[in-house]
Amino acid sequence: MEQDRQDSSKGSDSSGEIDLEQRLKYLLLGEEDARILRGLKASFEEISDDFINGFYDHLKSFPEANGFLQDPDLVKNLKKMQKKHLLSMFNAKWDQAYAKDREKVGYSHSSRGVDSHLVLGGFYQYARMGIAEILASSSDSNNAESAESLYPKINALLKVIFLDIGLTLDAYFKQSTVDLEKALEMLWRSNAELKQFAQLASHDLKTPLATVSNICEEILDEYQDIMPGDTAELISVAQKTVLNMSTVINELLSATSDLSMMPDDFVEPVQSQKVVESVLERLTTRAGQREITISVAEKLPTLIAHEVLLKEVLYNLLTNAIKYIDKKPGHIEVFSEIRDREGILIVQDNGPGIPHEDLKQIFSPFKRLNQHQKIPGSGLGLYYSKYLIEKQGGRIWAESKPGKGSQFLIALPLVVNST
Ligand code: HEM
């Protein structure tokens with residue numbers, strides 16, 4: 001963690017000052033460029049409104065960027081801030097205030113969830129339109145400038161844009177790292193709380209369960225011969241159920257033991273069929289209440305995995321499917337495919353599906369889909385599932401047909417000769 005903290009403060013010293021001098025030297029951005037940029041300011045001031053409008057037309061023609069620009073008041077405000085931002089590049093006053101301004105832009109975009117490639121693409125628009133303006137103003141003038149004399153102007157413009165990209169994206173990723181650290185901290189904290197809870201609950205639950213099991217056994221020993229057969233059968237089922245419950249509690253306990261301490265070589269051949277079936281025992285009632293049927297293919301493969309962790313992930317995926325299915329009757333299918341040396345377990349539902357643009361993000365911490373906002377959830381379940389699957393050396397991803405349903409796929413190494 002300490003290492004991460006150091007990394008996330010890259011680019012500034014312990015007092016928060018940004019290493020501007022080094023950056024300017026590295027970009028060969030000096031007094032001559034400053035003079036050139038100041039000389040360009042008047043012509044950029046003249047076209048700044050067209051420039052900014054052109055920039056926003058470009059952004060608005062891409063749905064992923066346009067999604068952030070739905071509120072006309074926000075766009076109006078953004079245009080104003082962008083114009084100020086653009087023109088300040090031509091003041092060529094590269095001090096801490098300038099750098100902090102760029103840092104703020106990085107933080108704003110990161111916390112708003114604007115993807116870094118959109119921001120970078122935005123800077124390309126700055127370069128494209130800026131160069132076009134330099135060329136246009138040179139050919140407008142009576143004595144058109146030679147290509148050689150245009151070069152220093154274009155060069156100075158590119159350098160200052162690259163300075164901005166560096167400052168902005170460094171801050172962008174610094175913010176993302178901090179967000180991730182917070183998410184991890186929450187995860188560890190909730191994990192520790194869960195462990196504590198499980199230990200307390202296990203003690204409180206296991207003792208009475210053992211008593212009930214013993215009583216069942218004593219009744220059977222003493223009175224089986226004089227009981228009607230059906231009654232003896234019922235008591236025996238009760239005893240088995242109680243024993244199963246004890247097993248579930250033990251498994252929960254081992255699942256919540258400190259995962260970060262788990263060695264990497266804990267995986268072993270696991271019969272995924274058995275894992276899925278035992279998860280279903282915990283979920284049948286919940287699915288029934290929502291009129292959802294769950295069908296499981298007959299021959300699921302034996303995989304190299306950690307049984308308890310795989311169980312937790314399948315439990316999480318199936319619980320999600322049950323929670324979000326919006327049709328009646330709901331249906332969930334669990335089946336598998338073999339691809340190369342991997343077994344793929346697939347959980348498919350006929351729920352609302354996931355918009356294509358959200359598919360990659362759903363495994364990030366706190367990413368909850370708009371369509372799910374009304375259903376309670378922490379936004380950590382899938383993130384945690386991904387963590388658990390990757391800890392076993394596997395992969396997890398989602399595919400979806402919006403409106404028709406989703407598939408969650410878990411790939412784990414296959415045991416050779418497994419079916
Ligand atoms: C050259 C690239 C870009 C520059 C220089 C830039 C500039 C700015 C500036 C100066 C701010 C105000 C920051 C503040 O004071 O908090 C801002 C905020 C914002 N920008 Fe950008 N931007 C760029 C690209 C984009 C792109 C591609 C999008 C996506 C549509 C976008 C959407 C936003 C949003 C949503 C905010 C936050 C507004 C708020 O929280 O009130 N920007 N940007």
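Here a biologist and a modeller talk through salt bridges, cores and a sheet in a predicted model.

Biologist: Before we start, what are the ground rules, and how are residues numbered?
Modeller: This is a predicted model, so local features need pLDDT of at least 70 and side-chain atom pairs count only at pLDDT 80 or more, while totals for chains, interfaces and linings use all residues. Side-chain values use heavy atoms, with hydrogens and water left out, and residues are numbered along each chain as its sequence is written, from 1.

Biologist: How many salt bridges are there?
Modeller: A salt bridge here is a side-chain nitrogen of Lys or Arg within 4 Å of a carboxyl oxygen of Asp or Glu. One network of them links Asp-19, Arg-23 and Asp-170. By that rule the count comes to 15.

Biologist: Take Arg-102 and Asp-101, which form a salt bridge. Which of the terms buried, partly exposed and exposed fits Arg-102?
Modeller: The cut-offs are under 20% relative accessible area for buried, over 50% for exposed, and partly exposed in between (1.4 Å probe, protein chains only). The closest N and O atoms of the pair are 3.5 Å apart. Asp-101 has 37% relative accessibility and therefore counts as partly exposed. Arg-102 has 1%, so the term for Arg-102 is buried.

Biologist: Glu-103 has a salt bridge with Lys-174; how many residues apart are they?
Modeller: Helices (H or I, at least four residues) and strands (E, at least two) are DSSP runs, numbered from the N terminus. Glu-103 sits in helix 6 (residues 96-112) and Lys-174 in helix 8 (residues 147-223), so the pair links distant parts of the chain. Glu-103 is buried at 11%, and Lys-174 is buried at 15%. Their separation along the chain is 71 residues.

Biologist: Which element gives the largest share of the largest nonpolar core?
Modeller: A nonpolar core is a set of buried Ala, Val, Leu, Ile, Met, Phe, Trp, Tyr and Cys residues joined through side-chain atoms within 4.5 Å. This one has 44 residues, and those touching the most other members include Leu-37, Trp-94 and Ile-161. Among the elements giving two or more residues are helix 3 (31-60) and helix 7 (116-140). The largest share, 11 residues, comes from helix 8.

Biologist: Leaving aside its neighbours within four places in sequence, which residues is Ile-161 in contact with?
Modeller: Contact means heavy atoms within 4.5 Å. With those sequence neighbours left out, the partners of Ile-161 are Met-89, Phe-123, Tyr-126 and Ala-127.

Biologist: Now the open sheet: which strands stand at the edges?
Modeller: Strands count as paired if DSSP finds at least two bridges between them. The sheet has 5 strands in the order 2-4-5-7-6, with mixed pairing. Strand 4 (residues 330-339) pairs with strand 5 (residues 342-349) in the antiparallel sense over 8 bridges. Two strands have a single partner each, so one side of each is left without a neighbour in the sheet: strand 2 (292-296) and strand 6 (395-401).

Biologist: What angle does the direction of helix 10 make with that of strand 2?
Modeller: Axes are lines fitted to C-alpha atoms, for helices over the stretch in contact, and angles run from 0 to 180 degrees between N-to-C directions. Helix 10 packs on the sheet, touching strand 2, strand 4 and strand 5. The angle with strand 2 is about 170 degrees.
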